[in-house]
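Student: I should like to learn how salt bridges and burial are read from a model. Could we work through one together?

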Amino acid sequence: MSEAPLLSVRAVDAGYGHVDVLENVSLDVGDRKIVALVGRNGAGKSTLLRTISGLIRPRRGQIAFAGANLAGARPDAIVGAGLLHVAEGRRLFRRQTVDDNLELGRYGLRLTQAEHARRIERIHALFPILREKRGLHAGSLSGGQQQMLAIAQAMMRAPKLLMLDEPSLGLAPVLVDQVLDAIASLRAEGVAILLVEQMVERALEIADDAYVLQNGRIIASGPAREIAAGDALRAAYMGEHGAAARA
Ligand SMILES: Nc1ncnc2c1ncn2[C@@H]1O[C@H](COP(=O)(O)OP(=O)(O)O)[C@@H](O)[C@H]1O
Ligand SMILES: [Mg+2]
């Protein structure tokens, strides 16, 4: 048997109030892997990320991260364990500078000066544009640059696992490639990634493994290359114009 995955979701049911969304969802993210979670609008992708990050309490099932049980844990405890969630939409402080936004990323975290400098250095090596634009307002950056800043903000906490919800939303195609390339380079830095992305074809190119979610259930999983070539993906996107063409 191989060693336990970094994140392991087992038989999770979750939803909102009386609304059931996720049913019997199981998913693994291995250390230093990129795992793509795909499926049409409303399938429950964001709900699954919210459940893993503790914003929604699962009704049933287990969530283990780095050896600890996280199901029902508080969001701040989950962040503290090294699991960060970059939610849909870029939640930046648009009227503050790029540097200030990075500082806000480490809110509540005590770092030695040396460690702080090391993290900034690492972020600038990953996203050189954030060094170039460090004194500018976040709101003046392009959409792709803002997305990189949102990811960099999470990187200030040196996560083990980053969950990214639709990082390419609203970006021009050339910027989508930039952001996805940046995400691929995070893996080289030792960060595991759970990636929700509507640019399915591109996401599957950079992912190691993939899961297809349909109506709150996982209908297929496996190596990203096999999922990209398989029928489940087409079935999951059937009837959704645009996404079907991209998939
Ligand atoms: N806050 C909420 N309250 C009630 N239902 C919600 C809420 N957020 C999402 N939903 C419902 O949960 C289902 C899954 O939504 P979501 O997880 O956002 O899907 P996806 O991210 O795959 O597009 C949808 O039917 C959606 O309408
Ligand atoms: Mg969503």
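**Reading salt bridges and burial**

Tutor: Let us begin with E205, which counts as exposed at 52% relative accessibility. Please keep in mind that this is a predicted model.

Student: With which residue does the side chain of E205 meet in a salt bridge?

Tutor: A salt bridge is assigned when a side-chain nitrogen of Lys or Arg lies within 4 Å of a carboxyl oxygen of Asp or Glu. Here the partner of E205 is R202, with an N to O distance of 2.7 Å. The two residues are three apart in helix α8, so about one helical turn separates them.

Student: Is R202 buried or exposed?

Tutor: The cut-off for buried is under 20% relative accessible area. R202 has a value of 19% and is therefore buried.

Student: Which other side chain meets R202 in a salt bridge, and at what distance?

Tutor: That side chain belongs to D177, at 2.6 Å from N to O. This pair links distant parts of the chain, 25 residues apart: D177 belongs to helix α7 (residues 173-188), and R202 to helix α8 (residues 200-206). D177 itself is partly exposed, its relative accessible area being 32%.

Student: Which residues are linked in the network of salt bridges?

Tutor: The network links D177, D181, R202 and E205.

Student: How many salt bridges does a search of the whole structure find?

Tutor: The search returns 15. One of the pairs is D13 with R60, whose closest N and O atoms are 3.1 Å apart. D13 is in strand β1 (residues 7-16) and R60 is in strand β4 (residues 60-65), so this salt bridge ties together parts that are 47 residues apart in sequence. As for accessibility, R60 is partly exposed, at 41%.

Student: Let us turn to contacts. Where is Q147 found, and is Q147 buried or exposed?

Tutor: Q147 is found in helix α6, which covers residues 143-155. With a relative accessible area of 5%, Q147 is buried.

Student: Which residues are in contact with Q147, leaving aside its neighbours within four places in sequence?

Tutor: For a contact, heavy atoms must lie within 4.5 Å. Once those sequence neighbours are set aside, Q147 is in contact with V86, R90, P167 and V179.

Conventions:
Residues numbered from 1 in each chain as written. Chains lettered and ligands numbered in written order. Predicted model: local features only at pLDDT ≥ 70, side-chain atom pairs only at ≥ 80, totals over all residues. Heavy atoms only, no water. Helix = DSSP H or I, 4+ residues; strand = E, 2+ residues; numbered from the N terminus. Buried < 20%, exposed > 50% of the residue type's maximum accessible area, 1.4 Å probe, protein only.
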